[in-house]
Structure formats: C-alpha cells, structure tokens
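Biologist: I've got a model open and I'd like to learn how to read its aromatic contacts and its strands. Can you walk me through it?

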Amino acid sequence: MGKAPLFVRPPTDAERQALEDGLRSSDAFVLRRAQIILASAQGDQVGVIAPRVGFSGQAVRDVIHAFNAQGVAALRQRSRRNRIIYSSFDTAGAEALRALLHQSPRLFDKPTGVWTLELAADVASERGLTAWRVSGETIRATLARMGVRWRRAKEWITSPDPEYARKKARRDRLIRLARRHPDWLLGFEDEVWWSRLAHPALYAWQEDDQPLRLIEQTVARDDPDPKALACYGLLARCWDTAGQRHEDLWLRFVEGRPVSAVTIDFLLWCATRAQERGKHAVLLIWDNASWHDSQIVRSWVRRHNRAVKQGGHGVRLLVCYLPTKSPWLNPIEPKWLHGKRKVLEPARLLSAAEVVARVCAVYGCPHEPHLVTPPTTTKKAA
C-alpha cells in the first residue's frame, strides 16, 4: 500500500493573497515556492508539480511541509549559514588570546615587537590556549568575534612636563571662567607654517586605475615667493548670556618668521579686535614657544595690563602656558590640519598669494596686512 498523496492545508484568505503576490516577485525563491503551494492547494500532486517547477519530488514535499508548519513564512529564504559553530577557543581561551595581544611578542622569546596572525597562532599553541596549532585565519575569526580588527597603529605622545596636571587644571579653570563672563574672550593661540611644497597626510575617494597623485613640487631659482609662509592664529571663543558659544579664527600672516616683536604686534592687534567686540579681557592660552615665553613678551604683557588698569579702558591679557608637548590641549591644532588638506593643490605649485587667499577662504576671515619681522630683533630694540 503506497503513501497517501501529500497536499498543503487550505490557505487562509490572507495567505492566499500573499501567495498570489509571490507569483509577481522578482525573487526566484519566492516565485517557485508560491507556485508549488498554490498548485498543491488546487489539488495537483507532487509528481505533477515537481517537473513543472524544476524541483525534485523531495524538494516539493519540503516546501509543502514548510507551509503547513510556518504558513507564508515559508516564502522567506532562511540563511544557509551553518548554525553549528565549531570554535577552537572557548570563552576563557578567547579572552586569554585578547590579553596575549596586549603584551609584546618578545616576552615569549619572539624576535619582533609586533604580532602577526601566524605568530599569535604559534604562541597560543605553545601556551596551551588551543589543543592543536590552529591557522592564522582561525585567530583572525576569533578576534573578529570579539571586535578586534586589523587597524593602523595610532601615534601617541605624552607630555614630559612634571607640572602637567597643574597647568592643565589652570587651563580648564580659565575655560570655565570664560563661560560665566560674556564680556571675556577665550583665545587659543598658535603659529603655523603654510608650505607651498609639502603635502599633508590625505585620504581621498579614488579608483584603483585612477589614483589621486600628489605631484612633488619644486621652486624655480627665480621664484620670488618663500617656500612657506608663517602665520599667527587665535581661535577666539566667547559665550553670550544664554550660554551659546561663538567662535572665530583670527589670522595674521608674517613677512618673515615668528619672533617676540611680531608676537607683541599680534597680541596688540588681538586686544584691539576684542575691544571692538566689547570685551574687557582676553584669556590667552598658548604653548611654550620661545617667542611666547621670552622675557620681552612677558614684560610687555605686564606693562600692557598695568596701562589698562591705570587708564580704566582697554583689554587685559591673562596668559596661560600649556604643558610642554601637549598639542591636544589646544583646539586650534586640528584646525590647521584640516585647513592644510583643503588648501592642498595636488598637481600645481601655488604662489604665495594663492596660498594666502585659500587659507583666508577656508577659515572665512579677511586678509589682513602682513606682520613684518624687524631686520634685527634684540631685547633693547623690543
């Protein structure tokens, strides 16, 4: 006695509508399954349906069983991924592998300071983290499941200043004070060189067969422009009575290089601009460059503040020196980096005037007259 013919259960009205919609699907999987289920609902047997849709008899039976158990969910293709995952590392072993990569390979008598997948596989086997020596791909897959990826190492610097904590705390205190005084201006000051030749580190959208080429530039002997232009900058921040922050970048290019006398001219210009905006004090934060920390500049700042106090008008300058080698504490530093990428010209040498125009356009500031380095800068002259 043979088996009884297999048919789908009678579909509901909603299921029938979904099946008929499946007949118009662009997905072959959905289309074929809808055809099988509707044909079976009309009374066609498995042997008739199978050649019509190009399936084996068992495949048609599987579709019918799936519909009887799941309904229209049988139209959705399930993942073909193997549900059983065989792992060479258990949870404890995977965490031990992660901890292993935070140590130097030299601690395990290896002649390098950087891990590779094969090297990690060797050490994992030697340390008993795996029952046998696994492949580098197994190491990669195990690390990927823990969110560990192959990434470019970050260059990291630390400040050697023994008074780092105290100086950073003073900087943070000035920032808090500026937020509470709308008539004060917080200024992060720094200098930068805008090179006509050097290219900044750059990422760009590009095709494999048409890469972006940064052409190395040279300067002709008769080129009257300097190879790089020095520039003073002040990232000026202030807060209104509602606590809303406002920010501008003030720039002055230099005919020459930064020295104490030019720094004084720049500070005087900044104080004038701050006074025009109704400010009574500029909280100046900058690094320990020689033209910032010189006795000439310090004496001038004291005389300037004394004159403001005695005259009853003007803008005082409250100077805060950052810890040694701590550019991350000065938010004007990333401004320079992004600006250089925008000013970049890949295949042509820019003139000095073009560089200045592009810099001013990037930061949305007017082109002010250039500061001039005195022919001879001495303490007596200053």
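Modeller: Sure. Start with the rule for rings: those of Phe, Tyr and Trp, with the six-membered ring used for Trp, pair if their centres lie within 6.5 Å. Planes under 30 degrees apart count as stacked, over 60 as edge-to-face, and the rest as tilted. Keep in mind that this is a predicted model.

Biologist: How many aromatic pairs does that rule give here?

Modeller: It gives nine aromatic pairs. Take Phe266 and Trp269: their ring centres are 5.8 Å apart and the planes meet at 35 degrees, so this pair is tilted.

Biologist: Where do Phe266 and Trp269 lie?

Modeller: Both are in helix 9 (residues 260-276), three residues apart, which is about one turn of the helix.

Biologist: Buried or exposed, what is Phe266? And Trp269?

Modeller: Buried means under 20% relative accessible area. Phe266 has 0%, so it is buried, and Trp269, at 14%, counts as buried too.

Biologist: Which pair could I look at next?

Modeller: Try Trp286 and Tyr321, another tilted pair, with 6.1 Å from centre to centre and 40 degrees between the planes. Trp286 belongs to strand 4 (residues 281-286) and Tyr321 to strand 5 (residues 316-321), so this contact ties together parts that are 35 residues apart in sequence. Trp286 is buried at 0% relative accessible area, and Tyr321 is buried at 15%.

Biologist: Which residues form an aromatic cluster?

Modeller: Tyr232, Trp250, Phe266 and Trp269 form one. Trp269 also has a charge over its ring: the charged end of Arg252 sits 5.0 Å from the ring centre. Elsewhere, Arg9 lies over the face of Phe67, at 4.8 Å from the ring centre.

Biologist: Now the strands. What's the general idea?

Modeller: In a regular strand, side chains alternate between the two faces of the sheet. As a case, pick strand 2 (residues 228-239), which is mostly covered, with 11 of its 12 residues buried.

Biologist: Which strands does strand 2 pair with?

Modeller: Strand 1 (residues 184-195) pairs with strand 2 in the antiparallel sense over 10 bridges. Here you can find Trp194 opposite Leu229 of strand 2. Strand 3 (residues 245-255) also runs antiparallel to strand 2, joined by 10 bridges, and Arg237 has Glu247 in strand 3 as its bridge partner.

Biologist: How many residues lie between strand 2 and strand 3?

Modeller: Five, and the two strands form a hairpin. Look at Gly243 in the turn: its phi is positive, about 85 degrees.

Note on methods
Residues numbered from 1 in each chain as written. Predicted model: local features only at pLDDT ≥ 70, side-chain atom pairs only at ≥ 80, totals over all residues. Heavy atoms only, no water. Buried < 20%, exposed > 50% of the residue type's maximum accessible area, 1.4 Å probe, protein only. Helix = DSSP H or I, 4+ residues; strand = E, 2+ residues; numbered from the N terminus. Pairing = 2+ DSSP bridges. Lys NZ or Arg CZ within 6 Å of the ring centre and 35° of its normal.
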